[in-house]
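User: I am new to this structure. Please show it to me, and let me ask why things are called what they are called.

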Amino acid sequence: MNRAFSRKKDKTWMHTPEALSKHYIPYNAKFLGSTEVEQPKGTEVVRDAVRKLKFARHIKKSEGQKTPKVELQISIYGVKILDPKTKEVQHNCQLHRISFCADDKTDKRIFTFICKDSESNKHLCYVFDSEKCAEEITLTIGQAFDLAYRKFLESGGKDVETRKQIAGLQKRIQELETENAELKNKVQDLENQLRITQAGSVTPKSPSTDIFDMVPFSPISPQSSTPTRNGTQPPPVPKRDLFGAEPFDPFSCGAGDFPPDIQSKLDEMQEGFKMGLTLEGTVFCLDPLDSRC
């Protein structure tokens, strides 16, 4: 498996592992926006995205619109982009979907990362403006990816298997709930039919039996201990639940009992960690006009 990330050797991590694994590191920045890119990484790709979003922000600024401020919450689970006042999550970028992260050495306020969108599967480049913390934020994202990758290796894939088992159990529970609802409706229909039949009967043969010379049906006690007319007991009924379904054994669910969409997400998580994260301090070489936007 390839290295999970690449970075300059003279850079060191800035936070304790506990801060990123048990909590998150918050940062404030200005959000220039996001734009679709053709490649998951590369300085040329990032340069074009930054130039495009800076120009768009320059147009909006001339119209009187201010650059929105956001709060970034970085942890081993991903990067959340929130409204700093309402704390409403605007974007939730899962860490294994982030493939490239860089800060601009010519404009120390700018930093970016490329993330694969979970719905459209398109690569989006997010661009931010931070007056003092651009390089620190870039390194923090790299450290979070490093910790998440190490945790993935230490688990030996157990986290993925656990999620598969949970998904299988959830699917089985839904199937049982649907089956029980159908059986409940059938029982209700049988009760209604028996009531109609008994109401239409004028001269029943015996008060203890119905028109078919059978013991009246009771959903509460479907297995009567009263012997039949020939003196023999009815055969035992297999043990079932209230609605007639076999008891559910969660350990009998196989590994293939989970939906395909969940399987694809788990496979994508594994693939994301294999691809790794490229972490660079990139020189974008933007024109002087860009620095004034």
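Analyst: What follows is a short round of questions and answers on this predicted model.

User: Why is the contact between R47 and E44 called a salt bridge?

Analyst: The cut-off is 4 Å between a side-chain nitrogen of Lys or Arg and a carboxyl oxygen of Asp or Glu. The closest N and O atoms of R47 and E44 are 2.3 Å apart. That is within 4 Å, so the pair counts as a salt bridge. R47 and E44 are three residues apart in helix α2, about one helical turn.

User: Is R47 buried or exposed?

Analyst: Buried means under 20% relative accessible area. R47 has 16%, so R47 is buried. E44 has 46% and counts as partly exposed.

User: What makes D129 and R109 a salt bridge?

Analyst: Their closest N and O atoms are 3.8 Å apart. The limit is 4 Å, so the pair qualifies. The pair links distant parts of the chain: D129 lies in strand β8, and R109 lies in the loop between β6 and β7. D129 is buried at 16%, while R109 is partly exposed at 30%. Both belong to a network of salt bridges with K54 and D107.

User: How do you know that β4 and β5 pair?

Analyst: Pairing needs at least two bridges. Five bridges join β4 to β5, so they pair. The two strands run antiparallel. One of the bridges has V79 opposite C93 in β5. The strands form a hairpin with six residues between them.

Key. Residues numbered from 1 in each chain as written. Predicted model: local features only at pLDDT ≥ 70, side-chain atom pairs only at ≥ 80, totals over all residues. Heavy atoms only, no water. Helix = DSSP H or I, 4+ residues; strand = E, 2+ residues; numbered from the N terminus. Buried < 20%, exposed > 50% of the residue type's maximum accessible area, 1.4 Å probe, protein only.
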